[in-house]
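Here's a short set of exercises to work through with the model open in your viewer. Try each task before you read its solution.

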Amino acid sequence: MPVKNDGPDAAGPQSKSEQTRALILETAMRLFQERGYDRTTMRAIAQEAGVSVGNAYYYFAGKEHLIQGFYDRIAAEHQVAVREVLDRETDLEARLAGVLTAWLDIARPYHEFAVQFFKNAADPDSPLSPFSPESEHAREQAISVHREVLAGSKSKVAPELREVLPELMWLSQMGLVLYWVFDRTEGRERSYRLARRGARLTARGVALARFRALRPLVLEVHELFTDFLPGMTRALPDPGKRAGGT
């Protein structure tokens, strides 16, 4: 299979195969925006990209895989974009606000496209859902960013919460994405405000979670999502059981 390379390439120029893959993906994104996801065919994408239909299917098995390529590209670009703020800031609120607003910056050109295909992504049985097994690669990339947000922060996080919080922070980001899809304010100004206020609230919540009495509540929230959205998060061991216990 061709090398997956939908994000920024810091190592050097792309190979011809990578260039072709990127061309097909760029063409698909443009046609999805112009014609809508449902009305765009793989044949039309191949024709616009100047490649054979067979070549298009060689790189992407279908339209759903093109969207997965888009997810991977956004995730890769986001990882590059957050580098500056994560290298500079140690305050948790500033780090998280920088990560969330960086995502909004990257996603800005794709807002209308996101609105068009949201009905497909919102289907829990669709491979386009951010919670689907097919979206696992991009989802794990996004969660890894939140792990780094916590790891480089000066905030003290209880060891038993370090495994839980990045996934909860990613879920919070998904809430922001949903709001952004429907945001009609100029420049998605309200989405940026929500990102900053959400970061402040999260930082305060992490600080409060240092109190042992509140930790079971955080674990219970994570368990709630694990039980009702299976496959989205990894099941955690029962915190009440010791290793090797019964």
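## Exercise 1: A pair of neighbours

E89 is partly exposed, because its relative accessibility is 24%. Keep in mind that this is a predicted model.

**Task.** Which side chain does E89 meet in a salt bridge, and at what N to O distance?

**Solution.**
- Step 1: the cut-off to apply is a Lys or Arg side-chain nitrogen within 4 Å of an Asp or Glu carboxyl oxygen.
- Step 2: the side chain of R88 is the partner, at 3.3 Å from N to O, and that passes the cut-off of 4 Å.
- Step 3: for the background, side chains of opposite charge can pair when their charged atoms come close.

## Exercise 2: The overall picture

**Task.** How many helices and strands does the protein have, and how much of the protein is buried?

**Solution.**
- Step 1: count the elements, and you get twelve helices and zero strands. Read from the N terminus, the order is α-α-α-α-α-α-α-α-α-α-α-α.
- Step 2: of the 246 residues, 45% are buried.
- Step 3: turn to the surface. The protein exposes about 13,600 Å², and carbon and sulfur atoms supply 55% of that.
- Step 4: look at the contacts between residues at least 6 apart in sequence. Of these, 68% join residues at least 24 apart.

## Exercise 3: Salt bridges around helix 1

**Task.** Where do E34 and R30 lie, and which network of salt bridges are they part of?

**Solution.**
- Step 1: both residues sit in helix 1, which covers residues 16-35, and they are four residues apart, or about one turn of the helix.
- Step 2: their side chains form a salt bridge, with 3.5 Å from N to O.
- Step 3: check the accessibility. E34 is exposed, with a relative accessible area of 52%, while R30 is partly exposed at 33%.
- Step 4: now widen the view. R30 and E34 are linked with R35 and E48 in a network of salt bridges. A search of the whole structure turns up 13 salt bridges.

## Exercise 4: From helix 1 to an annotated region

**Task.** Is R21 buried or exposed, and how far is R21 from Y58 in sequence and in space?

**Solution.**
- Step 1: R21 lies in helix 1. R21 is buried, because its relative accessible area is 9% and the cut-off is under 20%.
- Step 2: R21 and Y58 are 37 residues apart in sequence, yet their C-alpha atoms are 9.4 Å apart in space.
- Step 3: bring in the record. An unreviewed UniProt entry places the feature "DNA-binding region" at residues 41-60.
- Step 4: over residues 41-60 the chain is 75% helix and 0% strand, with 12 Å between the end C-alpha atoms.

## Exercise 5: The two sides of helix 11

**Task.** Which residues of helix 11 are buried, and why can you say that they line one face of the helix?

**Solution.**
- Step 1: check the geometry. At 1.5 Å a residue, the 20 residues of helix 11 should span 28 Å, and the end C-alpha atoms are 29 Å apart, which agrees.
- Step 2: pick out the buried residues, which are S191, Y192, A195, A199, A203 and V206.
- Step 3: look down the axis of helix 11. The buried residues fall within an arc of 115 degrees, so they line one face of the helix.
- Step 4: find the cover. Helix 6 (92-107) and helix 10 (165-182) are among what covers these buried residues.
- Step 5: flip to the face turned away from the buried side, and you find the exposed residues R197, L201 and R204.

## Exercise 6: Where helix 11 begins

**Task.** Which residue has a positive phi although it is not glycine, and what does E189 pair with?

**Solution.**
- Step 1: the residue is R188, with phi near 55 degrees. R188 is in the loop between helix 10 and helix 11.
- Step 2: R188 is buried, with a relative accessible area of 18%.
- Step 3: the side chains of E189 and R193 meet in a salt bridge, 3.7 Å from N to O. They are separated by about one helical turn because they are four residues apart in helix 11 (residues 189-208).
- Step 4: both partners are partly exposed: E189 has a relative accessible area of 36%, and R193 has a relative accessibility of 40%.

Conventions:
Residues numbered from 1 in each chain as written. Predicted model: local features only at pLDDT ≥ 70, side-chain atom pairs only at ≥ 80, totals over all residues. Heavy atoms only, no water. Helix = DSSP H or I, 4+ residues; strand = E, 2+ residues; numbered from the N terminus. Buried < 20%, exposed > 50% of the residue type's maximum accessible area, 1.4 Å probe, protein only. Contact = heavy atoms within 4.5 Å. Areas by Shrake-Rupley, 256 points an atom, 1.4 Å probe, with all protein chains shown as cover. UniProt positions renumbered as here; feature names shortened; annotations may be inferred. Expected span 1.5 Å × (residues − 1). Arc of directions from axis to C-beta.
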